[in-house]
Amino acid sequence: MTTENRGLSRRTLLTAALGGAAASVVGHSVFAGVASAAPGRRKLIIGSVDHLGNGVVQLADPSLNGGSTIVAVNGQPNGIAGSPDGLRAYVATAFGPGLSVVDVDAAKVTDEIAVGGFANEVVVSPDGKTVYVATGSSGAGGSRGHVAVVDAATGDVRTLINAGLWPRSLALTPDGTQLFVGDERAKNVTIVDTAKNAVAGSFRTEKQVLELAIDPKGKSLYAAALRELVTYDLRGGKSGSTELEGVPCGLAVHPNGTFAVVSLYAGRNADSQLVTVNIASNKVRTKEPNGKANGPLTMSKDGDRAFVLDKKNRKVTSADTASGKPDNSLSTPNSNTPTCVAFVETV
C-alpha cells in the first residue's frame with residue numbers, strides 16, 4: 001500500500017476548490033523523568049515527511065537563524081502540540097502507533113502511544129495532564145473516527161470519543177472544559193465535555209470546517225472555511241463572518257484576543273496570503289503576500305510572530321503579526337515536505 005501524503009492530498013483538494021527512519025523507544029513511564037529546562041527557552045517544532053513517507057520533527061530556534069536538531073518519528077507528522085511547560089511535544093502521525101512523545105531538550109522520542117486510526121490534529125489540556133488526538137478512522141475498518149483521550153502521566157488511552165465521520169481540527173477552551181472537533185467530511189462541529197469525556201452536543205456549519213480556534217477569554221469559536229472566517233458562540237450560534245480571498249490552511253488567535261491570523265491558499269498561479277482579521281469588527285486588518293506559504297501556522301506565546309508552512313518550497317516562513325509581513329524562512333531537512341508546526345516555551 002502506498003503511503004499517503006496527507007498534506008499534499010489536502011492541497012490537491014484545495015486546488016480543485018479554487019479551480020486551479022522511525023523512533024523505537026516505547027513505554028509509559030518516562031514522563032516523570034523529563035528534566036527541567038531553563039525558563040524562557042523557546043523552540044519551533046516543524047513536522048515534515050520525505051517522498052517515502054518517513055517523518056521527522058525539526059527542533060529550531062524561532063529566529064530561524066540558528067541550527068536545527070532532527071528527530072525521527074514513526075510516520076508522517078500530521079499535527080504537533082507542546083506541553084504547557086514546553087518540555088514535551090506530542091506528534092500525531094499517520095499510521096504506526098499514531099502519537100509520538102518528544103522530549104524537546106533531549107531531542108528524542110520517549111514514548112509511542114497507540115491511538116488508533118489516522119491521527120490528525122492534537123491538543124493538550126491547560127494543566128498538561130491530558131492529550132487529545134483526532135483520528136480519521138477506527139483502525140479496524142470502520143468509517144467513523146474518534147478523539148483519543150490520553151493520560152499524559154502514564155501514556156494510557158483513557159477512552160475513545162466518537163466525534164464525527166473524520167475528526168480533524170481541534171480547539172480547546174482556555175479552562176479545558178470543552179473540546180470542539182471539526183469534521184473533515186461533514187459540515188459539523190462536535191462539542192465534547194472533557195470532565196465526562198463525552199459528546200455534549202454538536203452544531204451544523206454552512207461550509208466544511210478547515211481550521212478551528214478559540215479566543216483567549218473562551219467566549220467565541222472561530223471556524224475557517226472556504227473563503228470565510230466565521231465566529232460562533234460556544235453553543236454554535238453564528239455571530240459574525242469575514243470574507244477571505246482563498247482557502248484557509250492555518251488559523252490562530254492572538255493572545256490579546258483582538259485579531260486572528262489566517263494563512264490562505266489563493267490558487268496555483270497566485271501568491272499565498274497571510275491575513276490578520278479584526279475580531280470585533282469582522283474586517284480584514286492586514287493582508288500580505290507570502291509566496292507559496294499556504295500550510296498550517298502557529299504563533300509565538302506572546303503573539304508577536306507567526307510561522308507558516310510553505311509546502312511547495314519546503315520551508316517555514318516567519319512574519320511579524322503587527323504588520324503581517326513575512327521576513328525570514330527556514331528550509332526543512334533533505335527537501336522534506338513540511339506538514340505541521342508548533343511553538344513551545346518553557347515557563
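In what order do the four strands of the open sheet stand, and with which kind of pairing? In this predicted model, the open sheet has the order E24-E25-E26-E27, and its pairing is antiparallel. At the edges of this sheet stand strand E24 (297-299) and strand E27 (326-331), each of which pairs on one side only. Neighbouring strands of the sheet are turned against each other by 20° on average, when direction is ignored. One of these pairings joins E24 to strand E25 (residues 305-310), which run in the antiparallel sense with three bridges between them. Within the two strands, Met 299 stands opposite Ala 306 in E25.

## Strand E6 and its two partners

Another part of the model can be followed by starting from strand E6 (residues 98-103). Six of the six residues of this strand are buried, so E6 is largely enclosed by the rest of the structure. Strand E5 (residues 88-93) is joined to E6 by five bridges, and the two strands run antiparallel. In this pairing, Val 91 stands opposite Ser 100 in E6. E5 and E6 form a hairpin that has four residues between the strands, and in its turn Phe 95 has a positive phi of about 60°.

E6 also pairs with strand E7 (residues 108-114), again in the antiparallel sense, and here the pairing extends over six bridges. In this case Leu 99 stands opposite Ile 113 in E7. The hairpin of E6 and E7 has four residues between the strands as well, with Ala 107 taking a positive phi near 55°.

Ala 107 is not a glycine, although its phi is positive, and its place is in the loop between E6 and E7. With a relative accessibility of 22%, which is not under the 20% limit for buried residues, Ala 107 counts as partly exposed. Leu 64 likewise is not a glycine and has a positive phi, of about 65°. Leu 64 is found in the loop between strand E2 (55-60) and strand E3 (68-73), and at 5% relative accessibility this residue counts as buried.

## Salt bridges

Which charged side chains meet in the model? Side chains of opposite charge can pair when their charged atoms come close. A search of the whole structure finds 11 salt bridges, and the table lists some of them, with the distance between N and O atoms.

| Pair | N to O distance |
|---|---|
| Arg 41 and Asp 105 | 2.8 Å |
| Asp 151 and Arg 158 | 3.5 Å |
| Glu 228 and Lys 207 | 3.5 Å |

The pair of Arg 41 and Asp 105 leads back to the hairpin of E6 and E7. Arg 41 lies in the loop between helix H1 (6-18) and strand E1 (42-49), while Asp 105 lies in the loop between E6 and E7, so the pair ties together parts that are 64 residues apart in sequence. Arg 41 counts as buried at 15% relative accessibility, whereas Asp 105, at 39%, counts as partly exposed.

In the pair of Asp 151 and Arg 158, Asp 151 counts as buried at 19% relative accessibility, and Arg 158 counts as partly exposed at 42%.

Glu 228 and Lys 207 form a salt bridge with their closest N and O atoms 3.5 Å apart. This pair links distant parts of the chain, since Glu 228 is in strand E18 and Lys 207 is in the loop between strand E15 (198-204) and strand E16 (211-214), 21 residues apart. Glu 228 is buried, with a relative accessible area of 11%, and Lys 207 is partly exposed, with a relative accessible area of 31%. Salt bridges that share partners join Glu 206, Lys 207, Glu 228 and Lys 238 into one network.

## The largest cavity

Rolling a probe the size of a water molecule over the atoms shows where empty space is left. The largest cavity in the model holds about 60 Å³ of space. Which residues line the largest cavity? Among them are Glu 206, Lys 207, Glu 228 and Lys 238, together with others that include Thr 205, Val 209, Ala 223 and Tyr 232. Strand E17 (220-225) and strand E18 (228-233) are the elements that give two or more residues to this lining, and E18 supplies the largest share, three residues. Sorted by class, the lining has five nonpolar, one polar and four charged residues.

Methods: Residues are numbered from 1 along each chain as its sequence is written. This is a predicted model: local features need pLDDT of at least 70, side-chain atom pairs count only at pLDDT 80 or more; totals for chains, interfaces and linings use all residues. Side-chain values use heavy atoms; hydrogens and water are left out. Buried means under 20% relative accessible area, exposed over 50%, partly exposed in between (1.4 Å probe, protein chains only). Two strands pair if DSSP finds at least two bridges between them. Axes are lines fitted to C-alpha atoms, for helices over the stretch in contact, and angles run from 0 to 180 degrees between N-to-C directions. On a 1 Å grid over the protein atoms alone, a cavity is a set of points where a 1.4 Å probe fits but cannot get out, and a pocket is an open set with protein on both sides within 12 Å along at least five of seven lines; lining residues have an atom within 4 Å of a point. Grid points are joined across faces, edges and corners, and a volume is the space filled by probe spheres set on the points. Ala, Val, Leu, Ile, Met, Phe, Trp, Tyr, Cys and Pro count as nonpolar, Asp, Glu, Lys and Arg as charged, and the others, Gly among them, as polar. A salt bridge is a side-chain nitrogen of Lys or Arg within 4 Å of a carboxyl oxygen of Asp or Glu.
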